[in-house]
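Here is a short tour for anyone meeting this structure for the first time. Have a look at the sequence and the model, then read on.

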Amino acid sequence: MTAVFCGINPGRFSAAANAHFANPRNDFWRLLDAAGFTPRLYEPTEQFELLKLGLGITNAAYRTTPGSGDLRRGDFTGSAERLERIALELKPGAIGFVGKEAYRGAFGERPELGSQARRLAETALFVL
């Protein structure tokens, strides 16, 4: 696996669609294509096609909320350990946190954008 993208949690739109970053106002899929991670623009319903490209998607918290501000600290319990298991088992080159709050929720630290000093096994961490 080349990279795993870690969002904060599923919003209502994504939960209803059963797809990551499914809200049409979310730029994730457009930016993934524009950054050259994909050969074309994918739709949220094609999320599992990313696996063929060596890409994966997960969330720091699983609870669906209207907005990320509705999450509580307890919603992130175990997320750092789960991400470490992903790093150990799938060995992605990087985990990219889609926003500072996803990283903060998992590790309880306020990150800057970009490369992080913390690593999970051999996996580099980035805040996007």
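What follows walks through the cores, two helices, a pocket and a few single residues of this predicted model.

## The nonpolar cores

Let's start on the inside. The largest nonpolar core has 20 residues, and the ones touching the most other members are Leu-83, Ile-95, Phe-97, Phe-107, Leu-120 and Leu-125. Several parts of the chain chip in: strand S1 (3-7), helix H3 (79-90), strand S3 (94-97), helix H4 (100-107) and strand S5 (123-127) each give two or more residues to this core. Apart from it lies another core, this one of 10 residues, including Ala-3, Phe-21, Leu-50 and Leu-55.

Leu-120 is a handy place to see how the chain comes together. Setting aside neighbours within four places in sequence, Leu-120 is in contact with Leu-83, Glu-84, Ala-87, Ile-95, Phe-107 and Leu-125.

## Helix H3, one side in

Helix H3 is 12 residues long, and from its first C-alpha to its last it reaches 16 Å, close to the 16 Å expected at 1.5 Å a residue. Which residues of H3 are buried? They are Ser-79, Ala-80, Arg-82, Leu-83, Ile-86 and Ala-87. These sit on the same side of H3, because they cover an arc of only 165 degrees around the axis.

And what covers them? The cover over the buried residues of H3 includes S1, strand S2 (55-59), S3, H4, strand S4 (114-120) and S5.

## Helix H4 and what comes after

On H4, the buried residues are Ala-102, Tyr-103, Gly-105, Ala-106 and Phe-107. They pack against S1, H3, S3, S4 and S5. Phe-107, as it happens, is also one of the residues touching the most other members of the largest core. Just after H4 comes Gly-108, with a positive phi of about 70 degrees.

## Two positive phi angles outside glycine

Lys-91 follows H3, in the loop between H3 and S3. Lys-91 is not a glycine, yet its phi is positive, at about 55 degrees. Is Lys-91 buried or exposed? With 60% relative accessibility, Lys-91 counts as exposed, since the exposed label applies over 50%.

Ala-121 is another residue other than glycine with a positive phi, near 55 degrees. You'll find Ala-121 in the loop between S4 and S5. Ala-121 has a relative accessible area of 35%, so it is partly exposed.

## The second largest pocket

Now for some empty space. The second largest pocket has a volume of about 210 Å³. Its lining is made of 12 residues, and Phe-48, Leu-51, Gly-56, Ile-57 and Thr-58 lie nearest its centre.

Which elements give two or more residues to this lining? S2 and H3 do. The largest share, 4 residues, comes from S2. S2 also turned up earlier, among the elements covering the buried residues of H3.

## Gln-47 and Gln-116, both tucked away

Gln-47 lies in the loop between helix H2 (28-34) and S2. Gln-47 has a relative accessible area of 10%, so it is buried, the cut-off for buried being under 20%. Beyond its neighbours within four places in sequence, Gln-47 is in contact with Asn-18, Ala-19, His-20 and Trp-29.

Gln-116, in strand S4, is buried too, with a relative accessible area of 15%. Leaving aside neighbours within four places in sequence, its contacts are Tyr-103, Pro-111, Leu-125, Phe-126 and Val-127. Take the pair Gln-116 and Tyr-103: they are 13 residues apart along the chain, with 9.9 Å between their C-alpha atoms. Tyr-103 is one of the buried residues of H4, and Leu-125 is among the residues touching the most other members of the largest core.

## Ala-16, out in the open

Last stop: Ala-16, in helix H1 (residues 12-17). Where the two glutamines above are buried, Ala-16 counts as exposed, at 71% relative accessibility. From C-alpha to C-alpha, Ala-16 and Ala-61 are 16 Å apart in space, and 45 residues separate them in sequence.

Conventions: Residues are numbered from 1 along each chain as its sequence is written. This is a predicted model: local features need pLDDT of at least 70, side-chain atom pairs count only at pLDDT 80 or more; totals for chains, interfaces and linings use all residues. Side-chain values use heavy atoms; hydrogens and water are left out. A nonpolar core is a set of buried Ala, Val, Leu, Ile, Met, Phe, Trp, Tyr and Cys residues joined through side-chain atoms within 4.5 Å. Buried means under 20% relative accessible area, exposed over 50%, partly exposed in between (1.4 Å probe, protein chains only). Contact means heavy atoms within 4.5 Å. The expected span of a helix is 1.5 Å times one less than its number of residues. The arc is that of the directions from the helix axis to the C-beta atoms. On a 1 Å grid over the protein atoms alone, a cavity is a set of points where a 1.4 Å probe fits but cannot get out, and a pocket is an open set with protein on both sides within 12 Å along at least five of seven lines; lining residues have an atom within 4 Å of a point. Grid points are joined across faces, edges and corners, and a volume is the space filled by probe spheres set on the points.
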